[in-house]
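Hi,

Here is the structure I promised to pass on. Have a look at it first, then read my notes below.

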Amino acid sequence: AVAVGLRAGQTTQGGSSVAIGIDAGNNNQGVNSVAIGINAGITTQGGSAVAVGVNAGNDTQGGQGVAVGRQAGQTQQGTNAVAVGYLAGKTNQATNSVAVGVNCGSSGQLAGAVAIGLQAGQTTQGTNAVAIGTNAGQGTTSGQGNNAIAIGLDAGVASQTAGSICLNASGVALNPNQAGYFV
C-alpha cells in the first residue's frame, strides 16, 4: 500500500491500495483501491474502487466504484457505479448506475440508471432510466420514472412518467405525464 499526504491511509488501509492527498483513503480503504485528492475516498472506500478529485468517493464508496471529478460519487456511491464530472453521482448513486457530465445523476440516481450530459438525470432518476443530453431527465419537479428514456435538450426536464420515451429536438421542454412514446 502507498500513502502520501497528511493522514492519508491513516486507519486500516488495504493491501495494494494507493492514497495520495490530505485525508485520502483515511479510514477503511479497501484492497486494490485508489484515492487521489483532498478527502478522496476518506471513509470506507470499497475494494478496487477509484476516487480521483477533491471529495471524490468521500463517504462510503462501493467496491469497483469509479468517481472522477470534484465531489463525484461523494456520498453513498454503490458497487460498480461510475461518476465522472463535477458533482456527478454526488449523493446516493446506486449500484451499476452511470453518471457522466457536470451535475448529472447528482441526487438519488437509482440502480442501473444512465445519465450523460450537463444536469442529465440530476434529481431522483429511476431504476434503469436513461437520460442523454443537457437537462434530459433532470427532474426539477418530480424526477424521472423507472425505465423511462429521455434524449435531447430538456427532454423530461421537469418530470417524466415511468415507462415513457421522450425524444426532444424542439428547444422547448417536453415532459411526458403518462407512459408512451413522445417526440
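**Strand pairing**

Val68 stands opposite Val84 in E11. The model is predicted, so please read everything here in that light. The pair belongs to a parallel match: strand E9 (residues 66–68) and strand E11 (residues 82–84) are joined by three bridges.

That match is part of an open sheet of 12 strands with parallel pairing. The order is E1-E3-E5-E7-E9-E11-E13-E15-E17-E19-E21-E22. At the edges stand strand E1 (2–4) and strand E22 (180–182). Each has a single partner strand, so one side of each lacks a neighbour in the sheet. Neighbouring strands of this sheet are turned by 5° against each other on average, direction ignored. As a general point, strands of a sheet pair through backbone hydrogen bonds, either parallel or antiparallel.

**The end of the sheet**

Strand E21 (residues 164–167) is worth a look. Strand E19 (residues 149–151) runs parallel to E21, with three bridges between them. Here Ile149 stands opposite Ile165. E21 also pairs with E22, again in the parallel sense and over three bridges. On that side the bridge partner of Ile165 is Tyr181 in E22.

Which side chains of E21 are buried? Ser164 and Cys166 are, and they point to one face. Ile165 and Leu167 point to the other face and are not buried. In a regular strand the side chains alternate between the two faces of the sheet.

**The chain as a whole**

The chain has 22 strands and zero helices. Its C-alpha trace spans about 55 × 20 × 20 Å along the principal axes. A compact globule of 183 residues would have a radius of gyration near 16 Å; the chain has 17 Å, which agrees.

How are the contacts spread along the sequence? Take those between residues at least 6 apart: 0% join residues at least 24 apart.

Buried residues make up 49% of the 183 residues. The chain exposes about 7100 Å², and carbon and sulfur atoms supply 57% of that.

**Core**

The largest nonpolar core has 20 residues. Ala88, Cys104 and Ala120 touch the most other members. Leaving out residues up to four places away in sequence, Cys104 touches Leu87, Ala88, Gly89, Ala99, Ala115, Gly117, Gln119 and Ala120.

**Gly57**

Gly57 sits in the loop between strand E7 (50–52) and strand E8 (59–61). Is Gly57 buried or exposed? Gly57 has a relative accessible area of 0%, so it is buried. Apart from neighbours within four places in sequence, the contacts of Gly57 are Gly41, Ile42, Ala51, Ala67, Ala72, Gly73 and Gln74. Gly57 and Gln45 are 12 residues apart in sequence, and their C-alpha atoms are 7.2 Å apart in space.

**Positive phi values**

Two residues to check by eye:

- Asp23 is not a glycine, yet its phi is positive, near 65°. Asp23 is in the loop between strand E3 (18–20) and strand E4 (27–29). Its relative accessible area is 11%, under the 20% cut-off, so Asp23 is buried.
- Asn92 is not a glycine either, and has a positive phi of about 55°. Asn92 lies in strand E12 (residues 91–93). Its relative accessibility is 42%, so Asn92 counts as partly exposed.

Best wishes

Conventions. Residues are numbered from 1 along each chain as its sequence is written. This is a predicted model: local features need pLDDT of at least 70, side-chain atom pairs count only at pLDDT 80 or more; totals for chains, interfaces and linings use all residues. Side-chain values use heavy atoms; hydrogens and water are left out. Helices (H or I, at least four residues) and strands (E, at least two) are DSSP runs, numbered from the N terminus. Buried means under 20% relative accessible area, exposed over 50%, partly exposed in between (1.4 Å probe, protein chains only). Contact means heavy atoms within 4.5 Å. The radius of gyration is taken over C-alpha atoms; the globule rule is 2.2 Å times the number of residues to the power 0.38. Accessible areas come from the Shrake-Rupley method with a 1.4 Å probe; for residues, only the protein chains shown count as cover. Two strands pair if DSSP finds at least two bridges between them. Axes are lines fitted to C-alpha atoms, for helices over the stretch in contact, and angles run from 0 to 180 degrees between N-to-C directions. A nonpolar core is a set of buried Ala, Val, Leu, Ile, Met, Phe, Trp, Tyr and Cys residues joined through side-chain atoms within 4.5 Å.
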